[in-house]
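Below are my notes on this entry, as numbered points. They start with the interior space and then turn to the strands.

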Amino acid sequence: MPFGWQWGADMSGYFYLTTPIYYVNAEAHIGHTYTTVLCDTIVRYRRLCGDTCFFLTGSDEHGEKVLEVARRRGESPAQTAEYFSNSFLRVWEEIGISHDRFIRTTDADHKQVVQQILQRVYDEGEIRFKEYEGLYCVGCERFLTDRDMLDGLCRDHERAPEPRTEANYFFDMGAHFSWLRDYIEQNPDFIRPERYKNEVLAMLDEETGLGGELCISRPKSRLDWGIELPFDTDYVCYVWFDALINYLTGIGYPDGPHFQDYWSNCEHVVGKDILKPHGVFWPTMLRAIGLEPPRHVSVHGYWNVDDRKVSKSLGNMIDPLIMREKYGFEAFRYFLLRDMVFGQDSNFSEDALVRRINADLANNIGNLVSRTLNMTGRFAGGLVPEPGAIEIPEREVIDAAATAVAEVDLRMRGMRPQRALESILALVDATNRYLELREPWKAAKDPELADTVSTTLHTCCESLRIVALLLAAFLPVAAAEILDRLGLGDALETAVLPASAEWGGIPVGSPTRKGKPLFPRIETAGAEDAESKDGAD
Ligand code: ME8
């Protein structure tokens, strides 16, 4: 029963996550950064859970789009591809992306895998040669259907597609549509969130009406920048057929040592612009070569500026390195993960970014760090004190920590990173409220209450340790710094979630250090002035 298993709770301990591979026609912007940072966060979380992970990203280098840019730049497509591929890689390295491989579709192993798969599908009689007429959008690198257009223009690229008639090779996707429809119905979270599952079902209906054939070749006379068809040297492979296969090449298809372990635990994250290739083309291609679909295709919305999609073709890009320069990369990374509800569109503005940094990072998390460590310095000689009796207020923080750990796990696996951050912030809020209630800065001066101070500070340090472990996937640098200030500099090297985040892990006597504000408030004329909670000292 090759396609019928029930997805269980990660029994194997393997986890394989992919970003789309980006076109090499311009520099990385906020949209690519979001997908890549999101995957980096999910994979860092799974590594912390002890899974054996493989994280693949890379560049998609063939096709007409790249040829167009190369012509404009007066260079060969190979030069253009090299330039922009290096540019993506450099940005990912500069912002600390932890990929295991950066694949290029011009890599020799990829070319070999694509040709091998083309030959196999051809030999099995699923590829036919015929004449085709349609409207082609070079921006999308595919023929458009009515649903893809508005007033005669491509919805995404706002340009008119070109009418084209050509003799080409076609893959018979339609032969697998009824299987795919059943598969999607039986595995309702295969494509998530649900609205995108419904969209794929609608696409399947539409593609069925159109004959269910995917054009997989381009004549060299028009485009010679691509992987040659092994069965007809006058043609190169259509860029999407080539690109999707990167997910197999990346982990050593067909007989790499861990190919099957990773493939059985594969999840793709994509933007909604490429739902059709991932929801319709790809599962049918995999079916044709006898492989299961990925576990999940998780689909996010667009980052917009002034309600228009940020994109290379529209030229309204936000540069991640400029954001890093202005605000620090972790603050920008936090904003991306916190402000986009997975699946929905989000509007970017620097005002919103500043408000978010000030409210969540400076006033909330940063404030808890500085209050806890200041007071541990002042009232406990800088060492995590021994706790006394646990009363109802302490119990509430302990319960909030257990809830956060459980919710973060559920939400990270369910691809709801913004909800996972809400769970962590709920623990931070509970701890801040607890401090307000216990008022250790007053209690320390009151002989009747002085005994409670150790318990209060112990509770706050322990809560902070758990907050840092949970935040580590989101803010790797800041989380490591919090742990270091708690005297737990190597905690992330040995931590395994959820066990390490159980209450009671902080050693009494651990030497703490106050340090500078972790996330300084950003003062701008327009920034909303959320009230500082720092009443401690
Ligand atoms: O489509 N908001 O590459 P691409 C959010 N090469 N995400 C965005 C975005 C935005 N405004 N703009 C881009 C391709 N993205 C193909 C993929 S995969 C086998 C081949 C992100 O460079 C989002 O992840 O156009 C989107 O799906 C991807 O970049 C498209 O990148």
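1. In this predicted model, helix α1 gives the largest share of the lining of the largest cavity, namely three residues. Helix α14 (392-413) is also represented, since α1 and α14 each supply at least two residues of that lining. Helix α1 itself covers residues 30-48.

2. How much space lies in the largest cavity? The volume is about 50 Å³. With a threshold of 30 Å³ or more, a search of the whole structure returns one cavity.

3. The residues around the largest cavity are F15, I42, Y45, R46, R192, E267, M412, R413 and M415. Sorted by class, five of the lining residues are nonpolar and four are charged, while no polar residue takes part. Among the charged ones are R46, R192 and E267.

4. Which domains contribute to the lining of the largest cavity? Domain 1 (14-317) and domain 2 (350-501) each provide at least three residues. Anyone examining this space should therefore keep both domains in view, given that the lining draws on each of them.

5. Strand β1 spans residues 14-23 and is mostly covered, with 10 of its 10 residues buried. F15, listed above for the cavity lining, falls within the range of this strand.

6. On one side of the pairing list for β1 is strand β2 (residues 52-60), which runs parallel to β1 and is joined to it by eight bridges. Within this pair, Y14 stands opposite T52 of β2. Between the two strands the chain passes through helix α1, and the resulting β-α-β crossover is right-handed. The connecting helix is thus the element that also supplies three residues to the cavity lining.

7. Strand β1 has a further parallel partner in β14 (residues 266-271), with three bridges joining the two. Here Y16 stands opposite C266 of β14. E267, another of the cavity-lining residues, lies within the residue range of β14.

8. Where is N25 found? N25 sits in the loop between β1 and α1. Is N25 buried or exposed? N25 counts as buried because its relative accessibility is 15%, and the cut-off for buried is under 20%.

9. One distance is worth noting for the same loop residue. N25 and F54 are separated by 29 residues in sequence, and their C-alpha atoms are 26 Å apart in space.

How values were computed: Residues are numbered from 1 along each chain as its sequence is written. This is a predicted model: local features need pLDDT of at least 70, side-chain atom pairs count only at pLDDT 80 or more; totals for chains, interfaces and linings use all residues. Side-chain values use heavy atoms; hydrogens and water are left out. Buried means under 20% relative accessible area, exposed over 50%, partly exposed in between (1.4 Å probe, protein chains only). Helices (H or I, at least four residues) and strands (E, at least two) are DSSP runs, numbered from the N terminus. Two strands pair if DSSP finds at least two bridges between them. A crossover is right-handed if, with the strands pointing away from the viewer, the path from the first strand over the helix to the second runs clockwise. On a 1 Å grid over the protein atoms alone, a cavity is a set of points where a 1.4 Å probe fits but cannot get out, and a pocket is an open set with protein on both sides within 12 Å along at least five of seven lines; lining residues have an atom within 4 Å of a point. Grid points are joined across faces, edges and corners, and a volume is the space filled by probe spheres set on the points. Ala, Val, Leu, Ile, Met, Phe, Trp, Tyr, Cys and Pro count as nonpolar, Asp, Glu, Lys and Arg as charged, and the others, Gly among them, as polar. Domain bounds come from an automatic or database domain assignment.
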